[in-house]
Number of protein chains: 2
Amino acid sequence: MNKAKLKKTLNRAEEHCREHGTRFTEKRKHILQLLLQSEVPLSAYELATHYQSAFGETIPAMSVYRILDFLMAETLVHKLNSANKYTACEHIACDHQHEVPQFLICERCQNVKEVGIEPSIIAALADEIERAGYHLTQPQIELHCLCERCFSAS
Amino acid sequence: MNKAKLKKTLNRAEEHCREHGTRFTEKRKHILQLLLQSEVPLSAYELATHYQSAFGETIPAMSVYRILDFLMAETLVHKLNSANKYTACEHIACDHQHEVPQFLICERCQNVKEVGIEPSIIAALADEIERAGYHLTQPQIELHCLCERCFSAS
DNA sequence: CAGTTCACGATATAGCGTATCGTTCATGGC
DNA sequence: GCCATGAACGATACGCTATATCGTGAACTG
């Protein structure tokens, strides 16, 4: 992510928090920035390490987890359950409504793409689930894929 | 799972291994049995504990992991990535071909149902993914839901 | 400016998983 | 039957992920 877009996204995140009456502190901003700048999802401990390199001060893992919890509650960050890693929401600076996030995770390079699946497909899926007697609560799907580059290389 | 079905399923699993030239040892049988008898998915360490209670002998966590790896390779067991737990395949004793497993996980009681999603939906999903420049490799989906009972109770 | 709430630090601990090396046991060729 | 081979398993150590708890300090509010 280039500098201009990074700045714009961070500003948008700050605005988002102000609207929600929550605090977008320096540390929270730093963690979000690290995730925005990373090509791949990061674990909490990786974030702590990167924090040290990028900002010259250490941060306890506990704080990273707390900050991640906060950022997830604000839907600025998503957790990838299958990898125990975290990724910045790709739609912070977008205007359109935040959809249910779906993730394509490249198995080789770990690159993650957050996509909006056709709502009709999700609806069909939800239908099948209802028929099985269940009720969908958090339709976040994590799909393990190969990205174009890794697919071509194999 | 009742005794008759349990026995039949274990026999089917043994047959499956014989056909594949692999060994269905006592310990592997025990682990599979524990998973078949459990209402909820279990972690490796939970399995080790249950093993002790059920069979009166301790088993190291390492062995549990190795046995789980084996059972997964034989598609007798599936791992739920989002929960780091394991569940017996519900189709061991079925005649029909083993499909790509999709899991409905009840967020409240942890009960898991393994369902076959309409292939056309999966195909549509794969289509969307292709359009995003990715290639689906392991279309295992884990959906967080509420089961009928927990849904009614809420 | 006093009180409350929120953010953060420090420490401890639990749970999940892998690495490595050694030992035992089953199996097949002789 | 006997031994060589490889598979299964045990023991120990370690690293990563996450939560619990308690304390401190900063920020907002009346």
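These legends walk through close-up views of a predicted model. Because it is predicted, local features need pLDDT of at least 70 and side-chain atom pairs count only at pLDDT 80 or more, while totals for chains, interfaces and linings use all residues. Residues are numbered from 1 along each chain as its sequence is written, chains are lettered from A and ligands numbered from 1 in the order in which they are written, and side-chain values use heavy atoms, with hydrogens and water left out.

**View 1. Chain A, element by element.** Chain A has six helices and six strands; both are DSSP runs numbered from the N terminus, helices being H or I over at least four residues and strands E over at least two. Starting at the N terminus, you meet them as α-α-α-α-β-β-β-β-α-β-β-α. Along the principal axes, the C-alpha atoms of chain A fill a box of roughly 50 × 45 × 30 Å.

**View 2. The hairpin of chain A.** Here β1 (residues 77-80) and β2 (residues 85-88) of chain A pair antiparallel over four bridges; to count as a pair, two strands need at least two bridges by DSSP. Look for A:Val77 standing opposite A:Ala88. Four residues sit between the two strands, and A:Asn84 in the turn has a positive phi of about 55°.

**View 3. A sheet built from both chains.** Four strands line up as β4(A)-β3(A)-β6(A)-β5(B) in an open sheet with mixed pairing. At the edges, pairing on one side only, are β4 (112-115) of chain A and β5 (134-138) of chain B. From one strand to the next the twist averages 40°. Axes are lines fitted to C-alpha atoms (for helices, over the stretch in contact), and angles run from 0 to 180 degrees between N-to-C directions. Inside the sheet, β3 (residues 102-106) and β6 (residues 141-147) of chain A run parallel, joined by five bridges, with A:Ile105 partnered by A:His144. Helix α5 (residues 119-131) of chain B packs on this sheet, touching β3 and β6 of chain A as well as β5 of chain B, and its direction makes about 135° with that of β5(B).

**View 4. Where chain A meets chain B.** In this interface 35 residues of chain A contact 35 residues of chain B, contact meaning heavy atoms within 4.5 Å. The buried area is about 3,100 Å², with carbon and sulfur atoms giving 63%; that is the accessible area (1.4 Å probe) the two parts lose on being put together, summed over both. Which three residues supply 22% of the area that chain A buries against chain B? They are A:Glu128, A:Tyr134 and A:His135, a bigger contribution than any other three residues make. Another spot to zoom in on is A:Tyr134, which stands opposite B:Cys147 in β6(B). The strands β5(A) and β6(B) (residues 141-147) pair in the antiparallel sense over four bridges. The rule finds zero salt bridges across the interface.

**View 5. A salt bridge within chain A.** Over all chains, the structure holds five salt bridges, each a side-chain nitrogen of Lys or Arg within 4 Å of a carboxyl oxygen of Asp or Glu. One of them joins A:Lys27 and A:Glu57, whose closest N and O atoms are 3.6 Å apart. A:Lys27 lies in helix α2 (residues 26-37) and A:Glu57 in the loop between α3 (44-55) and α4 (61-73) of chain A, so this pair ties together parts 30 residues apart in sequence.
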